[in-house]
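Please open the model in your viewer and keep a selection panel at hand. The tour below moves from whole chains to single contacts, one selection at a time.

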Amino acid sequence: MRALERYRLRLRRKRFLWRAFRRRRDLSTVADRTATLAPDAILLFATLRNERVRLPYFLQYYRRLGVSHFLFVDNGSTDGSGDYLSRQDDVSVWRTEASYRKSRFGQDWLTWLLRNHANGRWALTVDLDEFFVYPFCDTRPLRALTDWMDGLGLRAFPAMVLDMYPRGRIDAHPYREGQDPFEILQWFDSGNYVISQNPTYGNLWIQGGPRARCMFADTPAEAPSLNKVPLVKWRRDYAYVNSTHMLLPRSLNQLYDRDGGEMASGCLLHAKFLSVLGEKVTEELDRRQHFAEGREYQRYARALNDDHDLWCRWSEKYVNWRQLEILGLMSKGCWA
Amino acid sequence: MGVGFIMLCHTALDRAAAVARHWARAGAPVVVHVDRRVPQDQFAAMQAACADVPAIGFSRRYPCEWGTFGLVRATQAAAERMLAYHPEVRHCFLVSGSCLPLRPLRELQTYLASHPDTDFIESVTTSDVGWTVGGLDTERFTLRFPFSWRRNRRLFDAYTRLQRRLGVRRHIPLGLVPHLGSQWWCLTRRTLSAILNDPNRPVYDRYFRRVWIPDESYFQTLARLHSSRIESRPLTLAKFDHEGKPHVFYDDHLQLLRRSDCFVARKIWSGADRLYDAFLNPLPDASRMAEPSPGKIDRLFAKAAERRRLGRPGLYMQSRFPRAGRENGRTAGPYSVFHGFSPLFENFDAWISKSLGLRAHGHLFAPGRVEFAGGDDVFNGALCNSAALRDYNPRAFLTNLLWSTRGERQCFLLGPADNLGCVPFMAGDSNAQISVVTGAWAVPLSRAQGDFSAIRREAARLQRAEGEMLAALDLPHAKASVRVWTLADFVENPMEAIQAIFDEINPRAPHRLTEVPRMVDLSGLSTFLQQLKNQGMLPTLVGDYASIDDMLSAPPERARPYLVR
């Protein structure tokens, strides 16, 4: 039975890789600067659509952490995102007009890029509104983390999505291009996350936070998953299963200690609840290209229309990674 | 003059070159050994970088795989070169390419000059160390290890098992007492040349070739033969984690390293620009003669190791999700559960809050609602009062509540009508104090109006739920502190029972309880119970309810003996 199960997962992984191979024709090269990448380059992968206003800070944030090169899939942007990106020296861009949903929500395209460019390298796969925070990220660059993981033979690093929100209405604070989104989104939920184990993939399934508290309080099983594995020492036969929530082969998901100890982990600060969310929600509801028929987006639309405040009096104000560590949302593990 | 450095490098050769130049320029000769497996062009680049400093030499290169004899060969070759080319050297200091000097060379020279005959080498017998990882301590010396642990782990393990089964024991050369210790040492010229020129060296070398991790035992063992004074501690600050991997130092350790007063630290991350800048270009500081004191760094790394191994009790998060039995404390702090008290007393939670000086919750697990203290709709950690969210994962609800209120004891009420899904979990939790009055559900039912058969059904349901809960509390592995009274026993002397609970919560309470919670009127209860019985339901969990009537008819002084005392 174990062997059968393993074989089934293997077939699933092969299918994902095959899908990625078939979807490669969706992508047309806009700017490919990957030829000169160093063997130890740290790469960042993302898909985007109409995120022009978020891009400058996103690039700035990850450059400062030490990302060597960015690889983007531009899914039919009409706001100049593609042009902006193709002008950057450390960015490669591919463009596609194909369906986001049919590409496993962009994952097929990214799997293809990962397979071709990230083999043997550290790859960080994030969304445009996710900002990676790891232990000592204020004093040690990403390279320190990946070197440390190489030394211990660790292949993947987990980071839980931490939804950040403003105090008051979401559209009350307009976001300016280049601005640090966490000047506006200063708050988060510190201790209402629920965890269960996923026996098939061996990962932890985490739900909770302000979205579960305010938008899914009556149907908690539908609340979005918050567990992610954004940083992986990639091999060409790896594949993400569902967004970056889990990976195949399954052993890559074993990122938690089951004997009481703590392994190292980080957070992805989630800058979703910015003023720009309003336009996004309207657009995405029209496109119907999102997971579970855009269930989440319907809730967002309702939350935006009502005079909704995600903030509550037990909301925590963000300070730094040490605060997240003390609150038990992430851990240094044995890194000191 | 006095000290010379032997440097073993295999990565980050540019950093190694910078450190070698630093020492050589300060007046200490350096012999560099570069791993044979490093590509020739990188080696050539390092040689070129050191070409202008004559005090840096390069020894013959050997492949240095971790755990093999190659490291010892490399050290021997470099040491021979050092002794031959630099007759002025009195002490040989073995360092790696990722070491960094923390104090000026002059201070090290002065320190060694004041200990002219001392060998600084950690050297302890196998029976004295607990730090070997992998369970191999004595067997390092009595078995053979021809296979690489890094590359052929299975073969390594299989061959070790086979030797154990066959009872193979290697003969340890006469006169040798196996010692272990840190790979990094500082030996006197006399000891080092005695080791290298020992007439038995071929025998020893042949023996150590098949010992596991000989770089941690070769010099450590042989120094015991030749040294006149061993100081069994390394001068190099090097810390290892729970898996035996060296801890790495980064820019943010700068102050910690400064204050450690150690001479050399390992291992430094090759990207730590600030550390290399600070220590290779030291300020013209007044020379101190402080002894090395790595205590603070020891504590930092010991804490990290503990965090990795034991974690924080009661925390469930993305990288800590212990299986049952391995939690190291199921919850974050002690808490008290009062089951069956709320039907007996008016506003019992408010009374607890007042008497114990804390915030007590109502029925946290009530059907359809969450009664946080003070009727709040959110609580610490932004826990929400949605019953659907709570019932989605009641255990996570409880552990989250206790984690977010660390340091503040939580009390809450429970009853047989509540969601009792957490009870088995609490029963196995040594932080839980569970006090149960069984059959208390009968009190509100005795006053209920309406169809008696519906009331009877409700009574049966509650009694069954309570029975299941008691079974869960009674399991042999239960760790919680559990007290159970039947309703009849409890009402006979409620304050004594409550006093016992409070004494456990706060053993150093200054005085006994003076204010008493108001008990509800129990008249009519025994009639109701008899009626239940007549209808065919046996209220077993209430106890001997005839005694309730006796108590109610007794004079009030008897019912409250605690006030008299």
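What follows is a sequence of selections, each with a description of what is found there.

**Before selecting anything**

Bear in mind that this is a predicted model, and that local features are described here where pLDDT is at least 70.

**Stop 1: chain A**

Select chain A and colour it by secondary structure, which comes to nine helices and 16 strands. If you align the view with the principal axes, the C-alpha atoms of chain A fill a box of roughly 50 × 50 × 45 Å. The radius of gyration of chain A is 19 Å, which agrees with the value near 20 Å that a compact globule of 336 residues would have. Buried residues account for 49% of the 336 residues in chain A. Counting the contacts in chain A between residues at least 6 apart in sequence, 73% join residues at least 24 apart.

**Stop 2: chain B**

Now hide chain A and select chain B, in which there are 24 helices and 19 strands. Chain B is more spread out than a compact globule, because its radius of gyration is 36 Å, well over the 24 Å that the globule rule gives for 565 residues. Along the principal axes, the C-alpha trace of chain B spans about 105 × 60 × 50 Å. Of its 565 residues, 42% count as buried, and among contacts in chain B between residues at least 6 apart in sequence, 77% join residues at least 24 apart.

**Stop 3: the side of chain A that touches chain B**

Show both chains again and select the residues that link them: 51 residues of chain A are in contact with 48 residues of chain B. Which elements of chain A give two or more residues to this side? They are helix H5 (142-152), strand S10 (193-197), strand S11 (204-208) and helix H6 (209-215) of chain A. H5(A) gives the most, with six residues. If you colour this side of chain A by residue class, it divides into 25 nonpolar, 14 polar and 12 charged residues.

**Stop 4: B:Trp403**

Select B:Trp403, which is found in helix H15 (residues 394-404) of chain B. Is B:Trp403 buried or exposed? B:Trp403 has 24 other C-beta atoms within 10 Å and is therefore buried, the cut-off for that label being 20 or more. Leaving out residues up to four places away in sequence, B:Trp403 touches A:Gly191 and A:Gly328 in chain A, along with B:Gly314, B:Leu315 and B:Ala332 in chain B. For a distance to draw in the viewer, take the C-alpha atoms of B:Trp403 and B:Met495, which are separated by 31 Å and lie 92 residues apart along the chain.

**Stop 5: H1(B) and H2(B)**

The remaining stops look at helix pairs in chain B. Two packed helices are described by the angle between their axes and the distance between the axes.

Select helix H1 (residues 13-26) and helix H2 (residues 40-50) of chain B, whose axes come within 10 Å and cross at roughly 25°. An angle under 35 degrees counts as roughly parallel, so H1(B) and H2(B) are roughly parallel to each other. H1(B) passes H2(B) in a right-handed crossing. Show side chains for B:Leu13, B:Ala17, B:Ala20 and B:Arg21 in H1(B), which meet B:Gln42, B:Met46, B:Ala49 and B:Cys50 in H2(B). The residues of this contact divide into six nonpolar, one polar and one charged.

**Stop 6: H3(B) and H7(B)**

Next, select helix H3 (residues 70-85) and helix H7 (residues 189-196) of chain B, which pack at an angle of about 125° with their axes 11 Å apart. That angle makes H3(B) oblique to H7(B), and H3(B) passes H7(B) in a left-handed crossing. B:Gln76, B:Ala79, B:Glu80 and B:Leu83 in H3(B) meet B:Arg189, B:Leu192, B:Ser193 and B:Leu196 in H7(B). By class, this contact has four nonpolar, two polar and two charged residues.

**Stop 7: H7(B) and H9(B)**

Keep H7(B) selected and add helix H9 (residues 218-226) of chain B; the two axes come within 9 Å and cross at roughly 105°. H7(B) and H9(B) are therefore roughly perpendicular to each other. The contact is made by B:Thr191, B:Ala194 and B:Ile195 of H7(B) and by B:Phe219, B:Leu222, B:Ala223 and B:His226 of H9(B). These residues divide into five nonpolar, two polar and no charged.

Note on methods. Residues numbered from 1 in each chain as written. Chains lettered and ligands numbered in written order. Predicted model: local features only at pLDDT ≥ 70, side-chain atom pairs only at ≥ 80, totals over all residues. Axes fitted to C-alpha atoms, helices over the stretch in contact; angles between N-to-C directions. Helix = DSSP H or I, 4+ residues; strand = E, 2+ residues; numbered from the N terminus. Parallel < 35°, antiparallel > 145°, perpendicular 65-115°, else oblique. Left-handed = near helix turned anticlockwise from the far one by under 90°. Contact = placed C-beta atoms within 7 Å. Nonpolar A, V, L, I, M, F, W, Y, C, P; charged D, E, K, R; others polar. Rg over C-alpha atoms; globule rule 2.2 N^0.38 Å. Buried ≥ 20, exposed ≤ 12 C-beta atoms within 10 Å, placed from the backbone.
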